[in-house]
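Good morning, everyone, and thank you for making the time. I would like to walk you through a structure that is new to most of this group, going slowly and starting from one single position before widening the view.

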Amino acid sequence: MNRLDNEYIKRLEWKIVTSETMEDKAEYADKRNHVRKQIEVIAAVPKNWKTIQCVCGRNFVIENTFRCLYCGERFCEKCAEIHFGQTREEYDAK
Ligand SMILES: [Zn+2]
Ligand SMILES: [Zn+2]
C-alpha cells in the first residue's frame with residue numbers, strides 16, 4: 001500500500017475512526033474487518049512473538065504494535081503516531 005494513498009491517510013484520521021462513527025457507516029466496514037482480523041490472529045495463536053498486519057501492509061510482532069483505546073485497532077509505531085496525532089518526540093517535548 002502506498003503510504004501517501006488517500007485511503008491510507010483517511011484510515012488513520014483520528015476523528016473518523018471512533019467506534020461511534022464506525023458502527024453506522026458502511027465505508028468503514030474495511031476497518032472493522034481489519035480490526036476483527038487482527039483480533040482473530042491474536043486469539044488463534046497463544047504464543048508471544050506472533051506477527052500482525054498493520055494498515056500500512058507490513059507485518060509486525062504484536063508486542064511492537066500499539067492498540068488504540070477507542071477503535072481497538074493495532075498499529076505499528078509510525079502509523080500509531082499518525083493515528084494518535086503526535087509523534088513520540090512531540091509528546092516528550094511537552
Ligand atoms: Zn503501520
Ligand atoms: Zn483508533
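**A walk through the chain**

Let me begin with K50, which counts as partly exposed because 14 C-beta neighbours lie inside 10 Å of this residue. Please keep in mind throughout that what you see on the screen is a predicted model. As for its place along the chain, K50 sits in the loop that runs between α3, residues 29–44, and β1, residues 51–53. If you look across from there to I62, which is 12 residues away in sequence, you will find that the two C-alpha atoms are 6.2 Å apart in space.

With that starting point in place, let me step back to the whole chain. The protein chain has five helices and four strands, and when we read along the sequence these follow the pattern α-α-α-β-β-β-β-α-α. How much of the chain counts as buried? Of its 94 residues, the figure is 17%. As for contacts with a separation of 6 or more, 36% of them in the protein chain come from residues that are 24 or more positions apart.

Now to the interior, where the largest nonpolar core is made of five residues, namely C54, V55, F75, C79 and A80. If we take C54 from that core and leave aside residues up to four places away in sequence, we find that C54 touches F60, T65, F75, C76 and C79.

Next I would like to turn to C71, which lies in the loop between β3, residues 66–67, and β4, residues 74–75. Is C71 buried or exposed? C71 counts as buried, because 20 C-beta neighbours lie inside 10 Å, and 20 is the number at which a residue is called buried. The C-alpha atoms of C71 and K31 are separated by 9.3 Å, although the two residues are 40 apart along the chain.

Finally, let us move to H83, which belongs to helix α4, spanning residues 77–84. H83 has 19 C-beta neighbours inside 10 Å, and therefore this residue counts as partly exposed. Between the C-alpha atoms of H83 and C68, which are 15 residues apart along the chain, the separation is 8.4 Å.

That is where I will stop, and I am happy to go back to any of these positions on the screen.

Conventions: Residues are numbered from 1 along each chain as its sequence is written. Chains are lettered from A and ligands numbered from 1 in the order in which they are written. This is a predicted model: local features need pLDDT of at least 70, side-chain atom pairs count only at pLDDT 80 or more; totals for chains, interfaces and linings use all residues. Helices (H or I, at least four residues) and strands (E, at least two) are DSSP runs, numbered from the N terminus. A residue is buried if 20 or more other C-beta atoms lie within 10 Å of its own, exposed if 12 or fewer, and partly exposed in between; C-beta atoms are placed from the backbone. Two residues are in contact if their C-beta atoms, placed from the backbone, lie within 7 Å. A nonpolar core is a set of buried Ala, Val, Leu, Ile, Met, Phe, Trp, Tyr and Cys residues joined through C-beta atoms within 7 Å.
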